[in-house]
Amino acid sequence: MTQLLFKNARIFDGTSAECAEGMYLLVADGRIQEVSDRPISASEARVIDVGGRTLMPGMIDAHIHAFASDVAVQRVEAMGEAYRTAHALRMLTHALDCGFTTVRDIGGGNYGLYKAAADGLFVGPRYFYSGKILSMTGGHGDFRQVEESPRYQSVCGCSSTIFNTVAVIADGVDECIKSTREQLRQGAHCIKIMGSGGVASPTDPIWMNQYREDEIRAIVNECVERRSYVSAHCHPASAVRRCVEFGVRSIEHGTLIDAETARFVAEKGAYIVPTMVIIAALVELGRKLGFPAQSQEKAEYAWKQAISGMDLMRQAGVKICFGTDLMGSMYDQECREFTLRSEVFSPLEMLRQATSIPAGMMMLEGQIGCIAPGAHADLLVVEGDPLKDISLLAANGRNLRTIVRGGVVIRNELL
Ligand SMILES: [Zn+2]
């Protein structure tokens, strides 16, 4: 593979507020080979003169759903796989153009899409997926209406399982263990569970804790053996607390958190991935896009507390990751997450949330989200200083002069 040599770069390494200037960085075989304040000799390398601009790690969106082609789950199902895949390509291409060189698909992603990305069938971000989300019957992953009778679809003839595009229903320790193993067999990077009620499901209140302790601990144990981890969808503080207590590593949303729970999460070293933009977008556009009425009410309720919840997490020192959770035609609001978070966080805090912190959560420290020898060469050149002005990254990639993913130049406007 061609070598790349960046010169005269100001480097934000994903963590430190101190950015070294006049730096050289050599990429070979898709990895960062060397970072130096002195010229690196590499006669074969393609040279990119950064011209004193900021070179930073490619960003990570830790909460996406590539196959969520519509705000209404019923329509996601009805449109079929081809439509969902076309949407996935549209949203992943857009994410990379915005500077997200890694995404974590935290519900509904699969090996087929991962393999298509890995084989270069389309040009998108590094793709990690949790497979189908485990939900209890009547939980946030159960999208059957209250008047519907149970439908059973036989999987492999050995059990009866209810599932949809994003979730699989599993009740009791045995089913939870089996479903966990099944997702891991299919290449899941981690396991996601529904730890509380949610916005988009029709029959469960948002404040409800979901899954019993023994079920959650059984899933966590399976993941620990696999050297993987569990992520849990949680809105209320009570759900956040018990999931973290039972061994969950990453909490999704955490919208209705309180100060005491935020301190508990920080103490335990768990992570939270707030998703402001989906709530804001649903409040604004949900009715117009046909989001079900009962779900719309839940979104409006969550929005009232979402921003102050993030402030509580910040005060407690929780490790916070960047995530968006967008669905359907809202996919193009991904960068707006930065704008919404600016009410609470500094640019440096947000830069870490989109680089080194999610890398740690994903157990990929030193591999992605950082500039260091040995890391994947996922790199961005930003026009202007993102440590002073985060809006540079909220402009759908317009201020990115260069985008490199795995040593491959995706965009370069510099000589
Ligand atoms: Zn989600």
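Two residues are taken to be in contact if their C-beta atoms, placed from the backbone, lie within 7 Å. The structure described here is a predicted model.

The chain contains 11 helices and 20 strands. Its radius of gyration is 21 Å, close to the 22 Å given by the globule rule for 415 residues, so the chain is as compact as a globular protein of that length. The C-alpha trace spans about 70 × 45 × 45 Å along the principal axes of the chain. Of the 415 residues, 54% are buried. Among contacts in the chain with a separation of 6 or more, 69% are between residues 24 or more positions apart.

Two domains are assigned: domain 1 is made up of residues 4-57 and 368-412, while domain 2 covers residues 59-334. The centres of the two domains, taken over C-alpha atoms, are separated by 32 Å. Where domain 1 and domain 2 meet, 11 residues of domain 1 are in contact with 10 residues of domain 2. On the domain 1 side, the most is given by strand β19 (residues 400-405), which supplies three residues. By class, this side of domain 1 consists of six nonpolar, three polar and two charged residues.

Helix α3, residues 172-185, has 14 residues. From its first C-alpha to its last, α3 reaches 20 Å, close to the 20 Å expected at 1.5 Å a residue. The buried residues of this helix are Cys176, Ser179, Thr180 and Gln183. They cover an arc of only 105 degrees around the axis, which means that they lie on the same side of α3. The exposed residues Asp174 and Arg185 are carried by the face of α3 turned away from its buried side. The cover over the buried residues of α3 includes the strands β9 (133-135), β12 (167-169) and β13 (191-194), together with helix α4 (213-225). Just after α3, Gly187 adopts a positive phi of about 90 degrees.

Helix α5, residues 237-245, is mostly covered, with seven of its nine residues buried. These buried residues are Ala237, Ala239, Val240, Arg241, Arg242, Cys243 and Val244. Two arginines, Arg241 and Arg242, are thus included in the buried set of α5. The elements covering the buried residues of α5 include the helices α4 and α6 (259-268), as well as the strands β14 (230-236) and β15 (250-256). Helix α4 is therefore listed in the cover of α5, and α4 is also part of what covers the buried residues of α3. A glycine with positive phi again comes just after the helix: Gly247, just after α5, has a phi of about 110 degrees.

Gly139 is placed in the loop between β9 and β10 (153-155). Strand β9, at one end of this loop, is also among the elements covering the buried residues of α3. Gly139 has 26 other C-beta atoms within 10 Å; because the cut-off for a buried residue is 20 or more such atoms, Gly139 counts as buried. Leaving aside neighbours within four places in sequence, Gly139 is in contact with Met194, Asp204 and Gln210. Met194 lies within the range of strand β13 (191-194). Gly139 and Gln33 are 106 residues apart in sequence, and their C-alpha atoms are 47 Å apart in space.

Definitions and conventions. Residues numbered from 1 in each chain as written. Predicted model: local features only at pLDDT ≥ 70, side-chain atom pairs only at ≥ 80, totals over all residues. Domains from an automatic or database assignment. Helix = DSSP H or I, 4+ residues; strand = E, 2+ residues; numbered from the N terminus. Nonpolar A, V, L, I, M, F, W, Y, C, P; charged D, E, K, R; others polar. Rg over C-alpha atoms; globule rule 2.2 N^0.38 Å. Buried ≥ 20, exposed ≤ 12 C-beta atoms within 10 Å, placed from the backbone. Expected span 1.5 Å × (residues − 1). Arc of directions from axis to C-beta.
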